[in-house]
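This report describes a single protein chain for a reader at the bench. The sequence and the model are shown first, and the description follows.

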Amino acid sequence: GLMLLGGLVAATGTASRAQGAAQTLLQETLRGPTTSAAVVALNTAAPGFPCLTADPAGAPAGSTIPNCALGTPDAVGQGALRLTSVTEQQASGFVAATSLPTAQGLSISFTQYQYGGHGLGGPGSGGGGDGISFFLAVAPPHPQTLGPQGGALGYASAGSSEGLPGGWLGIGLDAFGNYSNAAFGNPSCPVPAWAGFNADSVTVRGPGHGTAGYC
């Protein structure tokens, strides 16, 4: 399936408990052809992704996320961040280029779209996407690579394949349903009674690094 983040990506942190005031750390609509947001794009076997779908014609040069080079572009102001094509074994995303303070908590909002269907299929079948994860990681340094694609949603480890480096919290918006499967994460993780295949669900995995954790 196709996976997009759009509308608004915003992270707000509380500047200090004494002040009680919130400070905007990152805010970007991703609806235009360029962005100056301080982010670093990452991908796993997904050349050209993530990318911005808005029409780049006449847009100024320079963007921390490139334009999409496929299909008909969206009108400026109506675009989104596209994460994959209709191809299996792809994953992409982005992380903040600098550390964000979390001691006083974070309030984060975004709009996401998953479409094009999901389901099992062999290579070349267009079997569909798995889902989208939103994650926090221990930094610095920020992660230089995602975890495995597929049901791990770029966060959890999968057997001998290492998960997101320094992962702290991984929230899976899981269309297909495998992010809650005990096959992901370290084999020593406790297995809740509800673990397994849970389509159209939201599942949270905890801290991990390498092949340890991600329970």
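## Contacts along the chain

Among contacts in the chain between residues at least 6 apart in sequence, 63% join residues at least 24 apart. The model is a predicted one, and every value in this report is to be read in that light.

The secondary structure amounts to 12 strands and 0 helices. Followed along the sequence, the pattern is β-β-β-β-β-β-β-β-β-β-β-β. The chain has 215 residues, of which 41% count as buried. Its accessible surface is about 10,600 Å², and carbon and sulfur atoms account for 57% of that area.

## Pairing of strands S8, S9 and S10

Strand S9 (residues 167-174) is joined to strand S8 (residues 131-137) by 7 bridges, and the two run antiparallel. Within this pairing, Gly 167 of S9 has Ala 137 opposite.

Strand S9 is also joined to strand S10 (residues 201-205), here by 5 bridges and again in an antiparallel arrangement. In this second pairing, Gly 172 stands opposite Thr 203 of S10. Strand S9 thus has bridges to S8 and to S10.

## A buried arginine in strand S5

Arg 82 belongs to strand S5, which covers residues 81-82. What is the nearest side chain of opposite charge to Arg 82? It is Asp 74, at a distance of 7.6 Å. A salt bridge requires the charged atoms to lie within 4 Å, and Arg 82, although buried, has no salt bridge.

The side chain of Arg 82 does have a polar partner in the backbone: it reaches the backbone oxygen of Thr 84 at 3.1 Å.

## Gly 210 and its distant neighbours

Gly 210 is located in the loop between strand S11 (208-209) and strand S12 (212-213). Is this glycine buried or exposed? Gly 210 counts as buried because its relative accessibility is 10%, and the cut-off for buried is under 20%.

Apart from neighbours within four places in sequence, Gly 210 is in contact with Ser 157, Glu 162 and Gly 163. Of these, Glu 162 is separated from Gly 210 by 48 residues in sequence, yet the C-alpha to C-alpha distance between them is 4.4 Å.

## Cis peptide bonds before proline

Two peptide bonds leading into proline deserve attention when the backbone is inspected. The bond from Phe 49 to Pro 50 is cis, with omega near 0 degrees. Pro 50 sits in the loop between strand S3 (39-44) and strand S4 (51-52).

The bond from Pro 140 to Pro 141 is likewise cis, with omega near -5 degrees. Pro 141 is part of the loop between S8 and S9. Most peptide bonds are trans, and most residues other than glycine have a negative phi.

## Positive phi at Leu 30 and Asp 200

Leu 30 is not a glycine, and its phi is positive, near 65 degrees. Leu 30 is found in the loop between strand S2 (21-28) and S3. With a relative accessibility of 3%, Leu 30 counts as buried.

Asp 200, also not a glycine, has a positive phi of about 50 degrees. Its place is the loop between S9 and S10. Asp 200 counts as exposed because its relative accessibility is 62%, and exposed means over 50%. Leu 30 is therefore a buried loop residue with positive phi, whereas Asp 200 is an exposed one.

How values were computed. Residues numbered from 1 in each chain as written. Predicted model: local features only at pLDDT ≥ 70, side-chain atom pairs only at ≥ 80, totals over all residues. Heavy atoms only, no water. Helix = DSSP H or I, 4+ residues; strand = E, 2+ residues; numbered from the N terminus. Buried < 20%, exposed > 50% of the residue type's maximum accessible area, 1.4 Å probe, protein only. Lys, Arg positive; Asp, Glu negative; His and termini not counted. Polar contact = N/O pair within 3.5 Å; in protein donor to acceptor, adjacent residues only side chain to side chain. Contact = heavy atoms within 4.5 Å. Areas by Shrake-Rupley, 256 points an atom, 1.4 Å probe, with all protein chains shown as cover. Pairing = 2+ DSSP bridges.
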